[in-house]
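This report concerns ionic contacts, internal cavities and cysteines in a single protein chain. The sequence and structure are shown first.

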Amino acid sequence: MAPANAVRAAAAAVVVGGLGLPASSRTFNVVNPSTGEVIAGVADRDAEYASEAVAAAEAAGRQWAARTPRQRADVLRQWYDLIIDHGEDIALLITREMGKPLAESRAEVSYGGDFVRWYAEEVVRPGGTVRDVPAGSATLLTRRAPVGLSVLITPWNFPLAMATRKIAPALAAGCPVVIKPAALTPLTTYYVVNLALLAGVPADLIQVVTTTDPSTFSQTVLRDPRVRKVSFTGSTYVGKLLLRLAADNVLRSSMELGGNAPLIVFDDADLERAVNGAYAAKMRNGGQSCIAANRIYVQDGIAEAFVEGLTEKMASVRLGDGLADHVDLGPLIDKHAVTGMHQIIDDAVARGATIRTGGQAIAGAGNFFPATVLDYVPADADAARNEIFGPIAAIQRFSDQAEVLERANATDFGLAGYVFTENLDRALNVADALDTGLVGINQGVPSNAAAPFGGTKQSGLGREGSSEGLDEYQEIRFYNVARRHTI
Ligand code: NAD
């Protein structure tokens, strides 16, 4: 492997030379959602290309699986270093193709890069077990083997982190991958995969397949007998389609799907902490996050002060091109999303909600929608039943704990929940009672590379991040060794 400095110099050349996009006779455009500017034309792949990608990855995977954990870890660590070295370029790219403010893109570089570092550190602790059967007649050795060729499908909202959260554990476990990024934001994936090659990941081990026809892609690759696993992040609707396809070949399946997170503020919460936490849980990524606070429940005694505090904060949000200085909120991903925000607001107001701030899209180019607060949102409004996926804080009031828990759990989703209270017993009891995969207690940004992220109910299957995220790419096998006690 080349020494770090040479590797980094070579990586800089790739950046200067552009994104290293592969040539193709058919392309589609990637557009900056702030300006409508076309950033790049990207290869629009067909079924034949997808099959070739599977074949190439599978061939490269045999040699990769044979490498020792330390060798794989060294390559991952090198990749992490390159991601951090090129953090500013990656952040710019994320902002240009996805729209979020540069400060948030930098935070995504740190968060997304951390998955690569974390798995570089984790994979050298392979963790098999030795145990005796109860009768003493045999010893069981458990071993972990790579699950095999993994198909990774990612959404547009975190173009870096959703890719590294899947690629890093797959590579750490010894699996080759075919990754299909969202057509809206494929450039960051190409960029970091180029860095992976420079870090020493063998050619062909990571295949990037970009396409405007995801359905043909999934029908092709998930029916291919060489594929052993699918890991998907995106909507529950598409997740169900993929699970049906995966059933035919009994593929290992990890699904990170939609959310409808309740955020509960009790009377005994620290007001400033609750307002700041709710703001972060709602507004990270412009509200376009699967763990965004979707239903904000505030207890009667603190409700007025909380709504005033949150409204003041939301009203001061500076909206604009994510590349401009002093911008807190970028555009929504596309025009459909803007229309969706209007529909959500109209529906809630028709059912009795009041608008405290925001509520109207900004005219002109781009897909800008202001930070909005809706108060007195009824439980049957769209805003309370479905994922908002935008900068609308939808507030409901409640009086007692049992009642709010029933309302919070009355959904088919179970990804994230939040609770704000200064009473530790209440915090833990409420967290236990929420039927979600994760709970933020007095804080609005619970994700971390060391956390086993994932949902209950229709929010998904499996976990990403942490050692549990590595399990998703490993088969556990056991050897039963017969024992003859001769001594
Ligand atoms: P989406 O389901 O429309 O698309 C996600 C990905 O699936 C994209 O790459 C898309 O091209 C692909 N896709 C669409 N149809 C497909 C098909 N038939 N076969 C194969 N691939 C297909 O979701 P989106 O709009 O990009 O992302 C938003 C959704 O993702 C929200 O519901 C959000 O909650 C969810 N999400 C979940 C998590 C999580 O970890 N749980 C994280 C981020 C986003």
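## Salt bridge between helices α4 and α5

R106 has a relative accessible area of 41% and is therefore partly exposed. The model examined here is a predicted one. The side chain of R106 meets that of E88 in a salt bridge, with an N to O distance of 2.6 Å. This pair links distant parts of the chain, since R106 belongs to helix α5 (residues 102–122) and E88 to helix α4 (residues 87–98), 18 residues apart. E88 is likewise assigned to the partly exposed class, its relative accessibility being 39%.

In total, the model contains 24 salt bridges. Two further examples are described below.

## Salt bridge between R273 and E422

A salt bridge is also formed by R273 and E422, whose closest N and O atoms are 3.0 Å apart. R273 is located in helix α10 (residues 271–283), while E422 is in the loop between β16 (416–420) and α15 (424–433), so this contact ties together parts that are 149 residues apart in sequence.

How accessible is R273, in relative terms? Its value is 40%, which makes R273 partly exposed. E422 has a relative accessibility of 45% and is partly exposed as well.

## E304, R397 and a shared network

The closest N and O atoms of E304 and R397 are 3.2 Å apart, and the two residues form a salt bridge. E304 lies in helix α11 (residues 300–315) and R397 in strand β14 (residues 392–398); the pair thus links distant parts of the chain, 93 residues apart. On the helix side, E304 is partly exposed at a relative accessible area of 39%. On the strand side, R397 has a relative accessibility of 17% and counts as buried because the cut-off for that class is under 20%.

Which residues are joined with E304 into one network by salt bridges that share partners? They are R356, D375 and R397.

## Internal cavities

The model has four cavities of 30 Å³ or more. The largest cavity has a volume of about 50 Å³. Its lining consists of Y111, F158, M162, R165, R284, S289, C290, I291, S447 and F453. By class, six of these lining residues are nonpolar, two are polar and two are charged.

For the second largest cavity, the volume is about 40 Å³. A280, A281, R284, S289, I291, A292, Y418, G444, V445 and P446 form its lining. Here the classes comprise seven nonpolar residues, two polar residues and one charged residue. R284, S289 and I291 appear in the lining of the largest cavity and also in that of the second largest.

## Cysteines

How many disulfides does the model contain? The count is zero. C175 has a relative accessibility of 0% and therefore counts as buried. C290, one of the residues lining the largest cavity, is also buried, with a relative accessibility of 16%.

## Summary of the contacts

The salt bridges described in detail connect R106 with E88, R273 with E422 and E304 with R397. R397 is buried at 17% relative accessibility, whereas its partner E304 is partly exposed at 39%. In the R273 and E422 pair, R273 is partly exposed, and E422 is partly exposed too.

Definitions and conventions: Residues are numbered from 1 along each chain as its sequence is written. This is a predicted model: local features need pLDDT of at least 70, side-chain atom pairs count only at pLDDT 80 or more; totals for chains, interfaces and linings use all residues. Side-chain values use heavy atoms; hydrogens and water are left out. A salt bridge is a side-chain nitrogen of Lys or Arg within 4 Å of a carboxyl oxygen of Asp or Glu. Helices (H or I, at least four residues) and strands (E, at least two) are DSSP runs, numbered from the N terminus. Buried means under 20% relative accessible area, exposed over 50%, partly exposed in between (1.4 Å probe, protein chains only). On a 1 Å grid over the protein atoms alone, a cavity is a set of points where a 1.4 Å probe fits but cannot get out, and a pocket is an open set with protein on both sides within 12 Å along at least five of seven lines; lining residues have an atom within 4 Å of a point. Grid points are joined across faces, edges and corners, and a volume is the space filled by probe spheres set on the points. Ala, Val, Leu, Ile, Met, Phe, Trp, Tyr, Cys and Pro count as nonpolar, Asp, Glu, Lys and Arg as charged, and the others, Gly among them, as polar. A disulfide is a pair of cysteine sulfur atoms within 2.5 Å.
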